[in-house]
Amino acid sequence: CGKSAIYDASIDIPQKGWSADSVATFNVTISDTTSVHNIFINLRNTTSYPNSNLFLFIQTHSPSGAMLRDTLECFLADTKGEWLGKGFGALRDNQILYKQYIRFPEQGEFSFSIQQGMRTHSLEGIASVGIRIEKAKTK
């Protein structure tokens, strides 16, 4: 974690695969509504992951009950099939920008839920999924 991170957590995915109905949920307490923030999705995949991309469904619930649902496509390999991200051996770590320069509209607990959106019921090769929220550096 860098000193700009206000939240950084991941959940390990079982080796048998990430079930389409399994949801990774992260509850984040936000107190700063004046600073701008960046939100990243952290993904760790194995080199045996069968695809070059990963679709995620992300739901955000605010303390007041407002809900936002997004679909995010994450590229894990380039067009030549070379793995993106950092790492060596069989694991690769990717930090994918989800939201940039946002202000949280209210204080309190926000809930971020991440679900895999591929056409495979049990998706193998994803080792962990997480979220990182950091204060954006001002220009």
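In what order do the elements of the chain run from the N terminus on? They run β-β-β-β-β-β-β-β-β-β. The legends below start with the whole chain and then move to single strands and residues.

**Figure 1. The whole chain, a predicted model.**
The chain has ten strands and zero helices. Its C-alpha trace spans about 40 × 35 × 20 Å along the principal axes. The radius of gyration is 15 Å, which agrees with the value near 14 Å for a compact globule of 139 residues. Of these 139 residues, 40% are buried. Among contacts between residues at least 6 apart in sequence, 79% join residues at least 24 apart.

**Figure 2. Surface and charges of the chain.**
The exposed area is about 8,000 Å². Carbon and sulfur atoms supply 49% of that area. The chain carries 14 positive and 13 negative charges. The mean positions of the two sets are 6 Å apart.

**Figure 3. Strand β4, residues 37-46, with β7 and β10 as partners.**
Nine of the ten residues of β4 are buried, so the strand is largely enclosed by the rest of the structure. β4 pairs with β7 in the antiparallel sense, over nine bridges. In this pairing Ile39 stands opposite Lys99 of β7. β4 also pairs with β10, residues 126-135. That pairing is antiparallel and has nine bridges. Here Ile41 of β4 has Ile131 of β10 as its bridge partner. In a regular strand, side chains alternate between the two faces of the sheet.

**Figure 4. Strand β8, residues 108-116, with β3 and β5 as partners.**
How many of the nine residues of β8 are buried? Seven are, so β8 is largely enclosed by the rest of the structure. Eight bridges join β8 to β3, residues 23-30, and the two strands run antiparallel. One marker of this pairing is Thr29, whose bridge partner in β8 is Glu109. Six bridges join β8 to β5, residues 53-61, again in the antiparallel sense. On this side Thr60 stands opposite Phe112 of β8.

**Figure 5. Ser113 within strand β8.**
Is Ser113 buried or exposed? Its relative accessible area is 14%, under the 20% cut-off, so Ser113 counts as buried. Beyond its neighbours within four places in sequence, Ser113 is in contact with Val23, Ala24 and Thr25. Phe57, Ile58 and Gln59 are also in contact with Ser113. Val23, Ala24 and Thr25 fall in β3, residues 23-30. Phe57, Ile58 and Gln59 fall in β5, residues 53-61. Leu72 is 41 residues from Ser113 along the chain, and their C-alpha atoms are separated by 13 Å.

**Figure 6. Gly17 in the loop between β1 and β2.**
The loop that holds Gly17 follows β1, residues 5-12, and leads to β2, residues 18-19. Gly17 has a relative accessibility of 8% and counts as buried. Which residues is Gly17 in contact with, leaving aside its neighbours within four places in sequence? They are Ser122, Leu123 and Glu124. Asn53 is 36 residues from Gly17 in sequence. From C-alpha to C-alpha, Gly17 and Asn53 are 16 Å apart.

**Figure 7. Phe88 in the loop between β6 and β7.**
β6 covers residues 67-75, and Phe88 lies in the loop between this strand and β7. Phe88 has a relative accessible area of 75%, over the 50% cut-off, so this residue counts as exposed. Along the chain, Phe88 and Asn53 are 35 residues apart. Their C-alpha atoms are separated by 19 Å.

**Figure 8. Tyr101 in strand β7, residues 91-102.**
Tyr101 has a phi near 55°. This is a positive value in a residue other than glycine. Most residues other than glycine have a negative phi. The relative accessible area of Tyr101 is 37%, between the cut-offs of 20% and 50%, so Tyr101 counts as partly exposed. Its strand, β7, is the one that pairs with β4 over nine bridges.

Notes:
Residues are numbered from 1 along each chain as its sequence is written. This is a predicted model: local features need pLDDT of at least 70, side-chain atom pairs count only at pLDDT 80 or more; totals for chains, interfaces and linings use all residues. Side-chain values use heavy atoms; hydrogens and water are left out. Helices (H or I, at least four residues) and strands (E, at least two) are DSSP runs, numbered from the N terminus. The radius of gyration is taken over C-alpha atoms; the globule rule is 2.2 Å times the number of residues to the power 0.38. Buried means under 20% relative accessible area, exposed over 50%, partly exposed in between (1.4 Å probe, protein chains only). Contact means heavy atoms within 4.5 Å. Accessible areas come from the Shrake-Rupley method with a 1.4 Å probe; for residues, only the protein chains shown count as cover. Lys and Arg count as positive and Asp and Glu as negative; His and the chain ends are not counted. The place of a charge is taken as NZ of Lys, CZ of Arg, CG of Asp or CD of Glu. Two strands pair if DSSP finds at least two bridges between them.
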